[in-house]
Amino acid sequence: MLTRRHFIQTTTALFSAMAASPVLATSWPDAAQKAAWDAEVTPAVPNPWGLHPRFLPQRVLANDGLVPGDIHVDAVARYLYHIEEGGVAMRYGVAIGRGDLYEPGVYTIKRKAEWPHWTPTQNMIQREPEIYGQFAGGVEPGPQNALGSRALYLYVGDRDTYLRIHGTPFPTSIGSRASSGCVRMVMSHINALYPQVQIGSTAYLYSPDGSVTPLS
């Protein structure tokens, strides 16, 4: 099992969106619409959501040997780290899957999308039809879409896992276990991360097992 031990250095000891499948789009936003939505989800003040300051983006030290460009998700402290050159990483607060819906593992980012469409998976519809049944036909892009402004699609080999790292219209969920399996980020945060992530990068989702000792 993956554990979080010794994978990152940080000054803090503390640490989704919904799993989604591709949908045949009926419409796509043009550049002007995307820009307008980006402006809508970019706050005029740093933390209008009232998140704990530790969940706001900050640059931290990374352990030796980590590959620049890779992503590491600490499911205990609820952090996502994007490894940069020079032994540092950008750290963001996230929300992860509730219960046993979160799936630790090693994934490859094989697709990226700005203002994506979203369709709940059949498992989501069967598990909670009263919530997801109404969206079975898919949801058009926009600030209220469950995948938010950006999505990174996680694969194992050539298999789409239907797990995503993505924005969320529910920013106050950051720091919790709230999603149907994916990793949620504040939309303005993933907007900043998105252009830094290359197709083919590796994403490590670590175990939320509370027995693993957090770093100090």
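## Reading the core of a predicted model

Modeller: Of the 23 residues in the largest nonpolar core, Ile71, Leu80 and Ile165 touch the most other members. Keep in mind that this is a predicted model.

Biologist: Good place to begin. Which elements give two or more residues to this core?

Modeller: Strands E3 (71–74), E5 (88–93), E7 (105–114), E9 (150–156), E10 (159–168), E12 (183–186) and E13 (202–205) do, together with helix H4 (187–193). Apart from this core lies another, of 13 residues, including Leu51, Ala77, Ala89 and Val186.

Biologist: What is the general idea behind looking for such cores?

Modeller: In soluble globular proteins, nonpolar side chains tend to be buried together. Here, buried residues make up 54% of the 216 residues in the protein.

Biologist: And what supplies the area that the protein exposes?

Modeller: The protein exposes about 9,700 Å², and carbon and sulfur atoms supply 54% of it. As for the fold elements, there are 4 helices and 13 strands.

Biologist: Let me zoom in on one core member. Which residues does Ile165 touch, leaving out those up to four places away in sequence?

Modeller: Ile165 touches Ile71 and Leu80, then Arg150, Ala151, Leu152 and Leu154, and also Val183, Met185, Ile190 and Ala203. One of these also appears in the strand pairing: Val183, in E12, is the bridge partner of Ile165.

Biologist: In which sense do E10 and E12 pair, parallel or antiparallel?

Modeller: E10 and E12 pair in the parallel sense, over 4 bridges.

Biologist: How should I read the two faces of a strand like E12? Are its sides covered or open?

Modeller: Check burial on each side separately. Val183 and Met185 are on one side of E12, Arg184 and Val186 are on the other, and all of them are buried, so both faces are covered.

Biologist: An arginine in that list catches my eye. How do I decide whether Arg184 is buried or exposed?

Modeller: Use the relative accessible area. Arg184 counts as buried because its value is 7%, and the cut-off for buried is under 20%. Its side chain has a polar partner too: a polar contact of 3.0 Å joins the side chains of Arg184 and Ser173.

Biologist: What about Arg164: where does it lie, and what does its side chain contact?

Modeller: Arg164 lies in strand E10. This arginine is buried, with a relative accessible area of 0%. The side chain of Arg164 makes a polar contact of 2.7 Å with the side chain of Asp160.

Biologist: That gives me an arginine to inspect in each of these two strands: Arg164 in E10 and Arg184 in E12. Thanks!

Methods. Residues numbered from 1 in each chain as written. Predicted model: local features only at pLDDT ≥ 70, side-chain atom pairs only at ≥ 80, totals over all residues. Heavy atoms only, no water. Buried < 20%, exposed > 50% of the residue type's maximum accessible area, 1.4 Å probe, protein only. Areas by Shrake-Rupley, 256 points an atom, 1.4 Å probe, with all protein chains shown as cover. Core = buried A, V, L, I, M, F, W, Y, C linked by side-chain atoms within 4.5 Å. Contact = heavy atoms within 4.5 Å. Polar contact = N/O pair within 3.5 Å; in protein donor to acceptor, adjacent residues only side chain to side chain. Pairing = 2+ DSSP bridges.
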